[in-house]
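User: I would like to go through this model term by term. Please set each label against its cut-off.

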Amino acid sequence: MTGVVVLASAPAAYAAPGAEGARAATCERADGSTAFAQYLCAAPGDLLDVRIGDVHPTQSSVGYDEVYYKLGRYTLGKDENKKFEDWCESDGRMTAASVSRDARLDDPSSFTCQLPVGGESAESIRAMKTVVIGPGGQPFLTDGHHRLTSFYETPDGGADLHVRLRVVASRTRCRSRSSTGATGSVRRSRST
């Protein structure tokens, strides 16, 4: 999407799989009644950890020449770190800082990104791929079709690979449930 400026970052709860820190608010409908309940509370500006297989494309087709070009760079030794650089950029953490010899996308401990989770900048957030949260919490990809398809197709990627995406809009109504059972609109603090 062009013309979208996000000046805020999300709390660490939306940082990465297994990240420490606060967890997302409990949504009124996050009871398993939708396959995408974990995404129901996502709001514009959030950096949302998603399973690539959960993301629905908004393009009816993708240029596989671009995907095959990326896969060639990822797997044929031309630029061994390119897939990690692309993953770190997509995750809002600029580029790869270090990559072990046996690094794999499906093993985040085998490489590090320039910025730590929670250390994102306005510049790194702008470079992230984006989603709109649709009905039932379904994430719809609005930017990054070639890159995410490449991550899906690479041998150490696939449908279960996680990456963070920037939420640009939500078409769901999310209400939080407090520990007392009262409900109210979900609000998240944002930092600039």
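**Sheet, helices and burial**

Analyst: Strand 1 and strand 7 pair in the antiparallel sense, over five bridges. The model is a predicted one.

User: What makes strand 1 and strand 7 count as paired?

Analyst: Pairing needs at least two bridges between the strands. Strand 1 and strand 7 have five bridges, so they count as paired. Among the bridge partners, aspartate 49 goes with arginine 164 of strand 7. Leucine 47 has arginine 166 of strand 7 as its bridge partner.

User: Which strands form the open sheet, and in what order?

Analyst: Five strands form it, in the order 1-7-5-6-2, and the pairing is mixed. Strand 1 and strand 2 stand at the edges, because each has a single partner strand. One side of each is therefore left without a neighbour in the sheet.

User: How covered is strand 1 (residues 47-51)?

Analyst: Strand 1 is mostly covered, with four of its five residues buried.

User: What is the overall inventory of helices and strands?

Analyst: The protein has four helices and nine strands. From the N terminus the elements run β-β-α-α-β-β-α-β-β-α-β-β-β. Of the 192 residues, 45% count as buried.

User: Why is lysine 70 called buried?

Analyst: The cut-off for buried is under 20% relative accessible area. Lysine 70 has 12%, so it is buried. Lysine 70 is found in helix 1. Leaving out residues up to four places away in sequence, lysine 70 touches Asp86, His146, Arg147 and Ser150.

User: Why are helix 1 and helix 2 called oblique to each other?

Analyst: Helix 1 and helix 2 pack at about 120 degrees, with their axes 7 Å apart. Roughly perpendicular covers 65 to 115 degrees, and roughly antiparallel starts over 145. The angle of about 120 degrees falls in neither range, so the pair is oblique. Lys70, Arg73 and Tyr74 of helix 1 make the contact with Lys82, Lys83 and Asp86 of helix 2. By class, this contact has one nonpolar, no polar and five charged residues.

User: What makes the nonpolar count in the contact of helix 1 with helix 2 one?

Analyst: Tyr counts as nonpolar, whereas Asp, Lys and Arg count as charged. Tyr74 is among the contact residues, so it supplies the one nonpolar entry.

User: How do you know that helix 1 and helix 4 are oblique?

Analyst: Their axes come within 9 Å and cross at roughly 50 degrees. Roughly parallel means under 35 degrees, and roughly perpendicular means 65 to 115. An angle of roughly 50 degrees is in neither class, so helix 1 and helix 4 are oblique. Helix 1 passes helix 4 in a right-handed crossing. The contact residues include Val67, Lys70 and Leu71 of helix 1 and His146, Arg147 and Phe151 of helix 4. The contact residues divide into five nonpolar, three polar and four charged.

User: Where does helix 4 lie relative to the strands?

Analyst: Helix 4 lies across strand 2, strand 6 (139-143) and strand 7. Helix 4 runs at about 120 degrees to strand 6.

User: What makes helix 2 (residues 82-90) mostly covered?

Analyst: Seven of its nine residues are buried. The buried ones are Lys82, Lys83, Phe84, Asp86, Trp87, Cys88 and Ser90. Their cover includes helix 1 (64-75), strand 3 (96-99), strand 4 (111-113), helix 4 (145-153) and strand 7 (162-170). Just after helix 2, glycine 92 takes a positive phi of about 85 degrees.

Key: Residues are numbered from 1 along each chain as its sequence is written. This is a predicted model: local features need pLDDT of at least 70, side-chain atom pairs count only at pLDDT 80 or more; totals for chains, interfaces and linings use all residues. Side-chain values use heavy atoms; hydrogens and water are left out. Buried means under 20% relative accessible area, exposed over 50%, partly exposed in between (1.4 Å probe, protein chains only). Helices (H or I, at least four residues) and strands (E, at least two) are DSSP runs, numbered from the N terminus. Contact means heavy atoms within 4.5 Å. Axes are lines fitted to C-alpha atoms, for helices over the stretch in contact, and angles run from 0 to 180 degrees between N-to-C directions. A crossing is left-handed if the near helix is turned anticlockwise from the far one by less than a right angle, and right-handed if clockwise.
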